[in-house]
Amino acid sequence: MRKIQSQGVHHITLMGADRQTSIDFWEGLLGMPFIFDQPNLDNPNEGHLYFDPGDGRLITIFTNEDRKPDARRTSTETGAVHHIAFSVSQASFWQVAKRLDARGIKHSGAKDRGFMDSIYFEDPLGLLIEIASYRFEPPEGTRHADVMIEAHKIRVARGDHHIDREHLADAIELLIERRHASLSSDRGPRNPY
């Protein structure tokens, strides 16, 4: 028996209402370029809109002009999607609440998640959306996931409740020490004063 090895999310497809609601939300609010449009190849009564969330991967929406937006919260039952999170820079993150407020969109306000900041609100169809911003940049040649797994190991070893900034800083130091060579035989901390 062998694994099917994933290399990332290819796309996420959501059931939308009418076409314009999708365009106004995904491009007009979240800034995702509308890059591709064709019929749903499995249902000729639906359109299939494609948006770029910023990393070249895709968010796609099945639309139908007969469906109207319904803002009731989508199901959170077992097997349902609880929320979708999108990444933004720290500079952009601190503008999110103001930009949602300008549109009269109810939101959670900034939430401290230890390793990231988050803000939550619902799309016009009741799907919970999270805007998330890491509080760190991974060292050259590593990914956010590399930092997170090392920070998790450090947190567990210390018996701490959740990953916080100190775990991230220590994980980054560890990754740099492992991945970047030095001529020093002892790379331990020093006081040069």
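**Exercise 1. Which residues of α4 are buried?**

Before starting, note that this is a predicted model, in which local features need pLDDT of at least 70, side-chain atom pairs count only at pLDDT 80 or more, and totals for chains, interfaces and linings use all residues. Residues are numbered from 1 along each chain as its sequence is written, and side-chain values use heavy atoms, with hydrogens and water left out.

*Solution.*

Step 1. Find the helix. α4 spans residues 165–179; helices here are DSSP runs of H or I with at least four residues, strands are runs of E with at least two, and both are numbered from the N terminus.

Step 2. Pick out the buried positions. They are H167, L168, A171, I172 and L175. "Buried" means under 20% relative accessible area, "exposed" over 50%, and "partly exposed" in between, with a 1.4 Å probe and protein chains only.

Step 3. See how they are arranged. These residues cover an arc of only 135° around the axis, which puts them on the same side of α4; the arc is that of the directions from the helix axis to the C-beta atoms.

Step 4. Look at both faces. The buried residues pack against α3 (144–158), with contact meaning heavy atoms within 4.5 Å. The face turned away from the buried side carries the exposed residues E166 and E173.

Step 5. Check the length. With 15 residues, α4 reaches 21 Å from its first C-alpha to its last, close to the 21 Å expected at 1.5 Å a residue. The expected span is 1.5 Å times one less than the number of residues.

**Exercise 2. Work out the strand order of the sheet that contains β1, and name its edges.**

*Solution.*

Step 1. Read the order. This open sheet of four strands runs β1-β4-β3-β2, with mixed pairing. Two strands pair if DSSP finds at least two bridges between them.

Step 2. Find the edges. β1 (11–15) and β2 each have a single partner strand, so one side of each is left without a neighbour in the sheet. From one strand to the next, the twist averages 20°. Angles run from 0 to 180 degrees between N-to-C directions, and axes are lines fitted to C-alpha atoms, for helices over the stretch in contact.

Step 3. Follow the pairs. Strand β2 (residues 34–40) is antiparallel to β3 (residues 43–51), with six bridges between them, and a hairpin with two residues connects the two strands. On the other side, β3 runs antiparallel to β4 (residues 58–63) over five bridges.

Step 4. Trace a row across the strands. Q38 stands opposite H48 in β3, and H48 in turn stands opposite F62 in β4.

Step 5. Add the helix. α1 (residues 19–27) packs on the sheet, touching β1, β2, β3 and β4, and its direction makes about 15° with that of β3.

**Exercise 3. Describe the surroundings of β8 in its sheet.**

*Solution.*

Step 1. Place the strand. The open sheet has four strands in the order β5-β8-β7-β6, with mixed pairing.

Step 2. List the partners of β8. Strand β5 (residues 83–87) pairs with β8 in the parallel sense over five bridges, and H83 has L128 as its bridge partner. Strand β7 (residues 116–122) runs antiparallel to β8, joined by seven bridges, and here S118 is matched with A132.

Step 3. Inspect the turn. Five residues lie between the strands of the β7 and β8 hairpin, where G126 takes a positive phi near 85°.

Step 4. Consider burial. Six of the seven residues of β8 are buried, so this strand is largely enclosed by the rest of the structure. Helix α2 (residues 90–102) lies across β7 and β8 at about 30° to β7.

**Exercise 4. Which side chains make polar contacts with that of R135?**

*Solution.*

Step 1. Locate R135: the loop between β8 (128–134) and α3 holds this residue.

Step 2. Find the partners. The side chain of R135 makes a polar contact of 3.2 Å with that of D112 and one of 2.6 Å with that of D117. A polar contact is a pair of N or O atoms within 3.5 Å; within protein, one must be able to donate a hydrogen and the other to accept it, and residues adjacent in sequence count only if both atoms are side-chain atoms.

Step 3. Look closer at D117. This residue sits in strand β7 and counts as buried because its relative accessibility is 4%.

Step 4. Return to α4. R165 touches G114 and R135, not counting residues up to four places away in sequence. The C-alpha atoms of R165 and G114 are 6.3 Å apart, although 51 residues separate them along the chain.
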